[in-house]
Structure formats: C-alpha cells, structure tokens
Amino acid sequence: MNGKLIVFEGCEGGGKTTQIQQTDQWLRDQLGSSVPAILTTKEPGGTALGRSLRNILLDSRLEEPIAPTAELLLFACDRAQHVETFLKPHLKQGAIILCDRFTDSTIAYQGFGRGLDKNLIKQLNQIATVGLESDLTLWFDIEIEKGLARTQSRGKMDRMEKADLAFHQRVNQGFCELADQAGDRIIRIDANLSLQQVSLQIQTILTQYLLKWGFTL
C-alpha cells in the first residue's frame, strides 16, 4: 500500500502544531506496527535546506522587506526540496505523513493574501510538487481575531503573524474558496472549539478516511 499525505492547513493561531503532535500519537496507538512509519513534517522547514529558508521567510527582523514574488519563489524552493528528498521517498515506502502546510497555504497566503497571480502560483506548485497532492487536508477554520490573539499571547510573533488584519482576512477567504472547490480533499475543522473537541473532530474524520483507504484499526 502506498503511503498517505495528510496536510494540516489554516490561518494563524488555529492550533495545527499542537494537533499534529496529538494526531501523531493517536495514529501510533491506532495503527501500531501495521504501517512502515508515521512521520510529521512542515513547510517551510521540512529539510535542512528548508530550515534555512524558514529562518529567512519568517524572520521579522530582516533589514529589508521580502518582495512578494521573492517570497513565493522561496516557498516553492522549500517545497521542491521537501517533495523530492522527503515526501516522495517516504510515501513510496508506505509511510503516513502529517504535514504542517502544503500547496493550499501558498495559494491562500501568496495568492489571496499578497495578491499574486493565482495561475502562476498553481504552475509553480505543479513544478515544485511534480503533481503530488495531499490525500486529505484538514483545514483549521478559526475566527481571525481569535487566532491572532492566540499568536500574540505566545509572545514573539514571526513575519507572517505580524501582517495586518486585512492580509489575514484575505488569507482566510482563500482557504474558504479552496475548501469550496476541493470536494472531499479538504475537510473543515472547527478550530474555535476546545483542544479536546478539535482532537475528537480530527480523530473522527481520520477514522473514516483510514478505513476507506484500507487500513485496519
């Protein structure tokens, strides 16, 4: 059986990172040794090259602003390396991979948020991924102000988190439109709820998909 790529997407402060960690453990409890590996990764930053690019992309103290097109190309560079050296090899071996952000984030953030050409972004995504798509994307839908308040409460905010409210509202609109267009590939998670309630939503959805994919729970 080929591996599965499960992506966690959404605006800032939705709790993706916490839920990926909990989902990783839940999958291990459910599947045990029946899969070759259960892995977590992220974009940007899922490879050695990606970690360097992440430092650049999220650093709020850069001497000069990153131009939107340069930002887009840096994300594409990170993704190309990630797909080629991490995602594709492990998926070929049958791993289940939980990935914090993938192609939909680029459309939402750089397309809707920055206002770049969405067709160009789709072409770059196609080049970087060589056609690889998520098997399932969990979209953490949270009220923008609530999500930003969560990021502010953590203290230090990165360059993306510091963008103005209008930017984050456009990003959210992007995720809404992508979810409408994606059918059952993108599933909405109500991230406004408690940690336990969000986890339960994820586990319920994943149980359905794992059974559909042929896994034994």
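Student: Are Tyr209 and Trp213 buried or exposed?
Tutor: The model is a predicted one. A residue counts as buried when its relative accessible area is under 20%. Under that cut-off, Tyr209 and Trp213 are both buried.

Student: How far apart in helix H8 are Tyr209 and Trp213, in helical turns?
Tutor: An α-helix has 3.6 residues a turn, so residues three or four places apart point the same way. Tyr209 and Trp213 are 4 residues apart in helix H8, so the separation is about one helical turn.

Student: How many aromatic pairs are there, and what geometry does the pair of Tyr209 and Trp213 have?
Tutor: The count of aromatic pairs is 4. The ring centres of Tyr209 and Trp213 are 5.7 Å apart, with 65 degrees between the planes. Planes over 60 degrees apart fall in one named class. The pair of Tyr209 and Trp213 is therefore edge-to-face.

Student: Which residues form one aromatic cluster with Tyr109?
Tutor: Tyr109 belongs to a cluster of aromatic residues. The other members of this cluster are Phe167 and Phe175.

Student: What is the strand order in the open sheet?
Tutor: The sheet has 5 strands, and their pairing is parallel. E1 and E4 are joined by 5 bridges, and E4 and E5 also pair over 5 bridges. On the other side of E1, 5 bridges lead to E3, and another 5 join E3 to E2. The order is E2-E3-E1-E4-E5.

Student: Which strands stand at the edges of the sheet?
Tutor: An edge strand here has a single partner strand, so one side is left without a neighbour in the sheet. This applies to E2 and E5.

Student: By how many degrees are neighbouring strands of this sheet turned against each other on average?
Tutor: The value is an average over neighbouring strands of the sheet. With direction ignored, the turn comes to 20 degrees.

Student: Helix H4 packs on the sheet, but what angle does its direction make with that of E1?
Tutor: H4 covers residues 103-113 and touches E1, E4 and E5. The angle between the directions of H4 and E1 is about 25 degrees.

Student: At what angle to E4 does helix H7 run?
Tutor: H7 spans residues 165-181. It lies across E1, E4 and E5. Its angle to E4 is about 140 degrees.

Student: How many residues of strand E3 are buried?
Tutor: In a regular strand the side chains alternate between the two faces of the sheet. On one side of E3 are Ile96, Leu98 and Asp100, and on the other are Ile97 and Cys99. Both faces are covered, and the number of buried residues in E3 is 5 of 5.

Student: Which residue of E3 is the bridge partner of Phe8?
Tutor: E3 is joined to E2 as well as to E1. Towards E2, Thr40 has Leu98 as its bridge partner, and Thr41 stands opposite Cys99. The partner of Phe8 in E3 is Asp100.

Student: Which residues point away from Leu136, Leu138 and Phe140 in strand E4?
Tutor: E4 is mostly covered, with 6 of its 6 residues buried. Its bridges include one from Glu9 to Trp139 and one from Phe140 to Ile189 in E5. Leu136, Leu138 and Phe140 point one way. The other way point Thr137, Trp139 and Asp141.

Student: Which elements do the buried residues of helix H1 pack against?
Tutor: H1 has 16 residues and reaches 21 Å from its first C-alpha to its last, close to the expected 22 Å. Its buried residues include Ile20, Trp26 and Leu27. They pack against E1, E2, E3, E4 and helix H8.

Student: What phi does Gly32 take?
Tutor: Gly32 comes just after H1. Its phi is positive, at about 55 degrees.

Student: What is the relative accessible area of Asn125?
Tutor: Asn125 is found in helix H5. It touches Arg79, Thr103, Thr106 and Ile107, leaving aside residues up to four places away in sequence. Buried means under 20%, so Asn125 is buried at a relative accessible area of 7%.

Student: How far from the ring centre of Phe102 is Arg79?
Tutor: Arg79 is one of the residues that Asn125 touches. Arg79 also lies over the face of Phe102, and its distance from the ring centre is 5.4 Å.

Technical notes. Residues are numbered from 1 along each chain as its sequence is written. This is a predicted model: local features need pLDDT of at least 70, side-chain atom pairs count only at pLDDT 80 or more; totals for chains, interfaces and linings use all residues. Side-chain values use heavy atoms; hydrogens and water are left out. Buried means under 20% relative accessible area, exposed over 50%, partly exposed in between (1.4 Å probe, protein chains only). Helices (H or I, at least four residues) and strands (E, at least two) are DSSP runs, numbered from the N terminus. Two strands pair if DSSP finds at least two bridges between them. Axes are lines fitted to C-alpha atoms, for helices over the stretch in contact, and angles run from 0 to 180 degrees between N-to-C directions. Contact means heavy atoms within 4.5 Å. The expected span of a helix is 1.5 Å times one less than its number of residues. Rings of Phe, Tyr and Trp (its six-membered ring) pair if their centres lie within 6.5 Å; planes under 30 degrees apart count as stacked, over 60 as edge-to-face and the rest as tilted. A charge sits over a ring if NZ of Lys or CZ of Arg is within 6 Å of the ring centre and within 35 degrees of the ring normal.
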